[in-house]
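Work through the exercises below with the model open. Each task is followed by a solution in steps.

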Amino acid sequence: MATLNQALVLALESNPKEAYVVAAETLLRLLDNIIREPQNAKYRTVRIDNPSIREKLLSVEGMKQLMLAIGFVESNGTLTVPSNVLLANVRRYREFLYERKELVKNPPKEKDITPIGSVTCTDSNSTAASAAVTTTSTTNIPQEAATEKSKMVLQPSGSNATAGQQRTEALCVIKSSRPFLARIEFPKVIPGNNTLLRQLELLSDQVMQYEDELLLSSGTSLIPIDTLTAKAKSKLTQWQRLLATSEATDTSKEPSEKDLLLEELTAWFRAEFFTWVNALPCTVCGNEKTQLVRSTVEDGVRVEVYQCCGQLRHFYRYNDVEKLLQTRRGRCGEWANCFTFLCRCLGYDARYVFSTGDHVWTEVWSERRQRWIHVDPCENVLDAPLMYEHGWRKEITYVFGFARDDVQDVTWRYTNDHQRLLQRRRQGGACSEHALLDAIAKLRTKRRAGLNCTPEQMSLLRKRTIDECLELLANAGRVPTAAEREGRSSGSLEWRLQRGEQQTNTRYMFIPTEEEVQAKQFNIRYCCATDCYERFLKGASNRVNEKITEKSNGWESRQYVSRNIFRKEELDWKMVYLARTEGTDEATIEWNFDFSVQGLRVKQIELRFGQETYEGAKVELYYIKSDGSQSQALSSLCECGKFTLQARLSGGKSWQHAQLFRQSKTATDEYPFEMNIVLM
């Protein structure tokens, strides 16, 4: 039975209440008709251009995505439920949508809600919603009033449990013990009206929302901690084997399990939990580049308004992490806010990092390395602090880290030219260095005064601050790494180019798991229609007996490096493929494989690699060994323990004339990219 994607139902609730209720009741009527008369074909089809359907139903953000999940198929201007769609699945969506609609329409009073102190959740294998939303980093703290509507009950989508099991499992309750404003309300200690210094105090107070115990419990229940821990332990084992086989005796290079868990949390957050959005897509024509017509403020929350096909759509710019656990979408501001909170849920000392260069990210304290680690969840990049200056080509002037027990000027970590940094600060005139240091000292005292620390704990915090200051000063002149010279990957190409930020890469490496080592096989495939990789073990005879061991969303999630590549969706032809970004002459994408860690080599290899070329365009495949030699013969990889698969796209009269993995959007069980390896 198909999995009930509750997140898509819940995502509808971010729409204005009146529009949401009308749309939900309209869809419920459609579903009731189908359930009541399943053989009546007229009840299974609605026309998209029907004014009532367009205005009452499809104008609501996320509705079309939900209907497709229920079983509707779009064709020739209609949405139709085929006769082979299970009625049981339609009923399940109908029941859950009705329950949610009633809760929104008639929210329960506080006394009617029983808090759940301990909850369990199944692992979420999908993003919170397919409906796209727009978000930029923002420091405006919303003054939204507390409403009963904000106490959302959520069970992650993607569960493998049956319907009966889902009903008996405890639901995840996303709820805080106090409203947002109460969580961030503290006496002010920064006098005057200096804009930068007042902003520092606002952000310092804002991160205290993460310390709400009930909210921490809600966030923890959403993290697939067992899965992430197992992956971290597997990576640690591989590291230990690699170090054991090398001549190096320096064990300090070995990471800790907690550091590796942070890597897994970052990858999961980017690939499965949170969704990046450039602009709100039009629900009528499917245009993904709708026009931002204005920004307003509603109940203290900044709202971006987008227009297309005569319709206005609203995106609410929440800073309340309780809301973000529900919507799970946005741009860097929402990403860093929610990710920093989830780090706190797992017990990490974490900072929300704000840059006046219009970007935000996270820092996490590593006990193993005894220093703060830069983490950018939007990019799935760790410990590459110079990437913004050297890869994104941004001028770094002010960067600050905010934690429950500290405020720190960390700008010196994110630039290696400290003299030019001081020059920019003097010329900018935001405030004097003396005033800035005085404000930071007051905010640090303010934060630590509320901790009830023992003298020993306070002494450790002071030592950490002094050690960090020395580390920051030593960063002057540091040579950036290769990873720090790469550009940005999050956001659309057009959006990145407008900001002067280029592409970046994942640097993911395929390393065999214990199961794959024992089975002496490695298999990976990619479906462009679903934009998902599957790692699997073959059965004794055919695909019926195979075992899927891992799924990863996003073509870039398992690449090693790429340049000028993006995933194109043709709305008219209903086709998808990877191609060069518009305006480029060539592009490359690579996947990296390393079996040598376990002492394994390739015995036999098969590769399916779908490609289409037009008007003289070319797709060239190269197999690159660890010694740098390359070949276009697949057989050259036999007896190889480590190699890279590289595809080069070039030529043609247009960027889309060289295509990888072209297939129909409905071909969700076809895999134009598949590699099968027998190991020895």
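Contact here means heavy atoms within 4.5 Å. This is a predicted model, in which local features need pLDDT of at least 70 and side-chain atom pairs count only at pLDDT 80 or more, while totals for chains, interfaces and linings use all residues. Residues are numbered from 1 along each chain as its sequence is written, and side-chain values use heavy atoms, with hydrogens and water left out.

**Exercise 1. The chain as a whole**

Task: State how many helices and strands the chain has, what share of its residues is buried, and what share of the contacts joins residues at least 24 apart.

Solution.
- Step 1. Count the elements. Helices (H or I, at least four residues) and strands (E, at least two) are DSSP runs, numbered from the N terminus. The chain has 19 helices and 31 strands.
- Step 2. Check burial. Buried means under 20% relative accessible area, exposed over 50%, and partly exposed in between (1.4 Å probe, protein chains only). Of 680 residues, 54% are buried.
- Step 3. Turn to contacts between residues at least 6 apart in sequence. Of these, 70% join residues at least 24 apart.

**Exercise 2. A helix pair**

Task: Describe how α2 and α5 cross, and which residues meet.

Solution.
- Step 1. Choose the descriptors. Two packed helices are described by the angle between their axes and the distance between the axes.
- Step 2. Fit the axes. They are lines fitted to C-alpha atoms, for helices over the stretch in contact, and angles run from 0 to 180 degrees between N-to-C directions.
- Step 3. Read off the values. The axes of α2 (residues 17-36) and α5 (residues 87-105) come within 10 Å and cross at roughly 150°.
- Step 4. Classify the angle. Under 35 degrees is roughly parallel, over 145 roughly antiparallel, 65 to 115 roughly perpendicular, and the rest oblique. Therefore α2 and α5 are roughly antiparallel to each other.
- Step 5. List the contact. From α2, the residues include Y20, L27, L31 and I35; from α5, they include V90, R94, L97 and Y98.
- Step 6. Sort the contact residues. Ala, Val, Leu, Ile, Met, Phe, Trp, Tyr, Cys and Pro count as nonpolar, Asp, Glu, Lys and Arg as charged, and the others, Gly among them, as polar. The contact of α2 with α5 has 13 nonpolar, no polar and eight charged residues.

**Exercise 3. A six-stranded sheet and its helix**

Task: Give the strand order of the six-stranded open sheet, then place helix α8 and F354.

Solution.
- Step 1. Apply the pairing rule. Two strands pair if DSSP finds at least two bridges between them.
- Step 2. Write the order. It is β14-β13-β12-β11-β15-β16, with antiparallel pairing. The edges are β14 (381-382) and β16 (406-409), each pairing on one side only.
- Step 3. Look at one pair. Strand β15 (residues 399-403) joins β16 through four bridges and runs antiparallel to β16. F400 stands opposite D409 in β16.
- Step 4. Add the helix. Helix α8 (residues 195-206) lies across β11 (350-355), β15 and β16, at about 30° to β15.
- Step 5. Locate F354. It sits in strand β11. F354 counts as buried because its relative accessibility is 8%. Its C-alpha is 6.5 Å from that of G401, 47 residues away along the chain.

**Exercise 4. A four-stranded sheet and two positive phi values**

Task: Trace the open sheet of four strands, and say whether N564 is buried or exposed.

Solution.
- Step 1. Write the order. It is β22-β23-β30-β26, paired antiparallel. Strands β22 (565-570) and β26 (611-613) are the edges, each pairing on one side only. The twist averages 35° from one strand to the next.
- Step 2. Examine β26. It pairs antiparallel with β30 (residues 658-664) over three bridges. E612 has Q659 in β30 as its bridge partner.
- Step 3. Find N564. It lies in the loop between β21 (561-563) and β22. Its phi is near 60°, positive in a residue other than glycine. N564 is buried, with a relative accessible area of 15%.
- Step 4. Find K574. It lies in the loop between β22 and β23 (575-580). Its phi is near 60° too. At 35% relative accessibility, K574 is partly exposed.

**Exercise 5. Strand β29**

Task: Name the partners of L645 in the pairings of β29 with β24 and β27.

Solution.
- Step 1. Check cover. Seven of the nine residues of β29 (residues 642-650) are buried.
- Step 2. Pair with β24 (residues 586-594). Nine bridges join the two strands, which run antiparallel. W591 has L645 as its bridge partner.
- Step 3. Pair with β27 (residues 618-625). Eight bridges join β27 to β29, again antiparallel. Y623 has L645 as its bridge partner.
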